[in-house]
Amino acid sequence: MMRDDEPVRVECYAGGRGEETPRRFWTGSGWAELTVLDRWVSEAAEGGNRLRWFRVRVEGRGEGLVYFDEGLDAWFYHATTT
């Protein structure tokens with residue numbers, strides 16, 4: 001997890017691997033729709049968690065990063081622009 005990232009509740013498109021692609025997340029006051037612009041996977045060289053990253057456009061918030069930390073089994077949001 002990166003500093004200042006907020007844990008979020010995410011609804012996903014469930015494909016062949018289960019929860020694959022985030023579609024929206026809970027902002028505290030309602031669901032915000034996501035448009036996925038890019039995706040990639042990162043993994044630490046020695047014993048780190050695998051992260052599935054999504055660069056997204058968030059309805060009402062601009063662009064940001066949503067990622068799934070497989071080791072923590074949790075989603076996080078990192079704001080990049082407003």
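**Exercise 1. Follow the strand pairing around β5.**
Task: Find the residue of β5 that is the bridge partner of E43, then work out how β5 pairs with β4 and β6.

Solution:
- Step 1. Start at E43: its bridge partner in β5 is R50. Keep in mind that this is a predicted model.
- Step 2. Widen the view to the two strands. β4 covers residues 31-43, and nine bridges join this strand to β5 in an antiparallel run.
- Step 3. Look at the turn. The hairpin of β4 and β5 has six residues between the strands, and G47 takes a positive phi near 70° there.
- Step 4. Now go to the other neighbour. Strand β6 (residues 62-69) pairs with β5 over eight bridges, in the antiparallel sense. As one spot to check, V56 stands opposite G64 in β6.
- Step 5. Finish with the second hairpin, β5 to β6. Here three residues sit between the strands, and G60 has a positive phi near 80°.

**Exercise 2. Sort out the W26 and W31 pair.**
Task: Decide whether the rings of W26 and W31 are stacked, tilted or edge-to-face, and see which charged side chains lie over them.

Solution:
- Step 1. A search of the whole structure turns up seven aromatic pairs. In the pair of W26 and W31, the ring centres are 5.4 Å apart and the planes meet at 75°.
- Step 2. Planes over 60 degrees apart count as edge-to-face, so at 75° the W26 and W31 pair is edge-to-face.
- Step 3. Check the exposure. W26 is partly exposed at 33% relative accessible area, and W31 is partly exposed at 23%.
- Step 4. Add the charges. R9 lies over the face of W26, 5.4 Å from the ring centre, while the charged end of R24 sits over the ring of W31, 4.4 Å from its centre.

**Exercise 3. Place the F54 and W75 pair.**
Task: Classify the F54 and W75 pair, and say which strands the pair ties together.

Solution:
- Step 1. F54 and W75 are 6.0 Å apart, centre to centre, with 40° between the planes, and the pair is tilted.
- Step 2. F54 belongs to strand β5 (residues 50-58) and W75 to strand β7 (residues 74-79), so the pair ties together parts that are 21 residues apart in sequence.
- Step 3. Are these two residues buried or exposed? F54 is buried, with a relative accessible area of 3%, and W75 also counts as buried, at 6%.
- Step 4. One more aromatic group to look up: ring pairs link W40, W53, Y67 and F76 into a cluster.

Methods
Residues numbered from 1 in each chain as written. Heavy atoms only, no water. Phe/Tyr/Trp six-rings, centres within 6.5 Å; stacked < 30°, edge-to-face > 60°. Buried < 20%, exposed > 50% of the residue type's maximum accessible area, 1.4 Å probe, protein only. Helix = DSSP H or I, 4+ residues; strand = E, 2+ residues; numbered from the N terminus. Lys NZ or Arg CZ within 6 Å of the ring centre and 35° of its normal. Pairing = 2+ DSSP bridges.
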